[in-house]
Amino acid sequence: MKTTEPPVIVKESFSAPKEKVWNALTEVDEMRQWFFPNIPEYKAQVGFETQFIVNTGEQSFPHIWKVQEITPQQKMVQHWHYEGYTGRCTVAFELEGMEERTQLTVTATVLEDFPDDIPEFKRESCLAGWQYFIQENLKQYLEG
C-alpha cells in the first residue's frame, strides 16, 4: 500500500442497531469472535494501545494499534503499524444509524508506504482483508 493510492474503503449495512455494531467493534470479548481471537486487550479510549501477532504461515506481523479518535457509537480512528516493517496507516470506523439498520464504513488511509515485496501489504490484500472481516465475519457475527 502506498500513499499515492486511494484509501481502501469497505461499506456494509447491518440489520442491527448502532449500539450493537459499536460494541462488536470496541468490546474485546466481541472483537475476538469476529476479528482477531488473540487481541489481548482493547479499550475505546484515545491513547489506548494494544499489540498482538498475526501469523500468515510464512510470516509474522506484530500489529500495533493506537486509538486516535473516539466519538461513541459514531466514529473511531486507529493508527496501525507493524513492528519491524515500514509503513503506517489510519483505519477509521464510521457508523450511521438508519432505524434498525446500521451502515459501517471502514477507511484505511496510508500515511507511510508499506514494503513492495510483501504480498500482505498490497492494496488488493488490504481490500480483500477488510471485505472478509466486515462483509463476512462481522455480518455473520451480528446477524447470525
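Which helix or strand gives the most to the lining of the largest pocket? In this predicted model, the answer is α3, with five residues. The close-ups below start at that pocket and move outwards.

**View 1. The largest pocket and its lining.** Here we look at a pocket holding about 390 Å³ of space. Its lining is made up of 21 residues. Those nearest the pocket centre are His 63, Trp 80, Tyr 82, Glu 120 and Cys 126. Three strands, β3 (60-71), β4 (75-82) and β5 (88-98), each supply at least two lining residues, as does helix α3 (123-143). If you sort the lining by residue type, you will find 15 nonpolar residues, four polar and two charged.

**View 2. Helix α3 from end to end.** Follow the 21 residues of α3 and you cover 28 Å between the first C-alpha and the last, close to the 30 Å expected at 1.5 Å a residue. Pause at Asn 137, where the helix bends by about 25°. The buried residues of α3 are Cys 126, Trp 130, Phe 133, Ile 134, Leu 138 and Leu 142. As a reminder when reading this list, an α-helix has 3.6 residues a turn, so residues three or four places apart point the same way. Cys 126, one of the buried residues of the helix, is also among the residues nearest the centre of the largest pocket.

**View 3. An aromatic pair between β5 and α3.** The model contains 22 aromatic pairs. The one framed here joins Phe 93 and Trp 130, whose ring centres are 5.7 Å apart; their planes meet at 75°, so the pair is edge-to-face. Because Phe 93 sits in strand β5 and Trp 130 in helix α3, the contact ties together parts that are 37 residues apart in sequence. Are these two residues buried or exposed? Phe 93 counts as buried, at 2% relative accessibility, and Trp 130 is buried too, at 6%.

**View 4. The wider aromatic cluster.** Step back from that pair and you can trace a cluster linked by ring pairs. Its members are Trp 34, Phe 35, Phe 36, Tyr 42, Phe 48, Phe 52, Trp 65, Trp 80, Phe 93, Trp 130, Tyr 132 and Phe 133. One of them, Trp 80, you have already met among the residues nearest the centre of the largest pocket. Phe 133 is familiar as well, from the buried residues of α3.

**View 5. Phe 35, Val 46 and Phe 48 in the loop between α2 and β2.** Phe 35 lies in this loop and is buried, at 7% relative accessibility. Although 99 residues separate Phe 35 from Ile 134 in sequence, their C-alpha atoms are 8.7 Å apart in space. Ile 134, for its part, is one of the buried residues of α3. Phe 48 belongs to the loop too, between α2 (28-34) and β2 (49-55). With 13% relative accessibility, Phe 48 counts as buried. From the C-alpha of Phe 48 to that of Glu 83, which is 35 residues away along the chain, the distance is 17 Å. Val 46 is also placed in the loop between α2 and β2, but Val 46 is exposed, with a relative accessible area of 57%. Between the C-alpha atoms of Val 46 and Val 110 there are 20 Å, and the two residues are 64 apart along the chain.

**View 6. Gln 73 and its positive phi.** Gln 73 is found in the loop between β3 and β4. What is worth a look is the backbone: phi of Gln 73 is near 60°, a positive value in a residue other than glycine. For context, most residues other than glycine have a negative phi. The relative accessibility of Gln 73 is 31%, so this residue counts as partly exposed.

**View 7. Pro 6, ahead of the first strand in the numbering.** Pro 6 is in the segment before β1 (8-14). At 53% relative accessibility, Pro 6 is exposed. Its C-alpha lies 22 Å from that of Lys 66, with the two positions 60 residues apart in sequence numbering.

Conventions
Residues are numbered from 1 along each chain as its sequence is written. This is a predicted model: local features need pLDDT of at least 70, side-chain atom pairs count only at pLDDT 80 or more; totals for chains, interfaces and linings use all residues. Side-chain values use heavy atoms; hydrogens and water are left out. On a 1 Å grid over the protein atoms alone, a cavity is a set of points where a 1.4 Å probe fits but cannot get out, and a pocket is an open set with protein on both sides within 12 Å along at least five of seven lines; lining residues have an atom within 4 Å of a point. Grid points are joined across faces, edges and corners, and a volume is the space filled by probe spheres set on the points. Helices (H or I, at least four residues) and strands (E, at least two) are DSSP runs, numbered from the N terminus. Ala, Val, Leu, Ile, Met, Phe, Trp, Tyr, Cys and Pro count as nonpolar, Asp, Glu, Lys and Arg as charged, and the others, Gly among them, as polar. Rings of Phe, Tyr and Trp (its six-membered ring) pair if their centres lie within 6.5 Å; planes under 30 degrees apart count as stacked, over 60 as edge-to-face and the rest as tilted. Buried means under 20% relative accessible area, exposed over 50%, partly exposed in between (1.4 Å probe, protein chains only). The expected span of a helix is 1.5 Å times one less than its number of residues. The bend at a residue is the angle between axes fitted to the seven residues ending there and the seven starting there.
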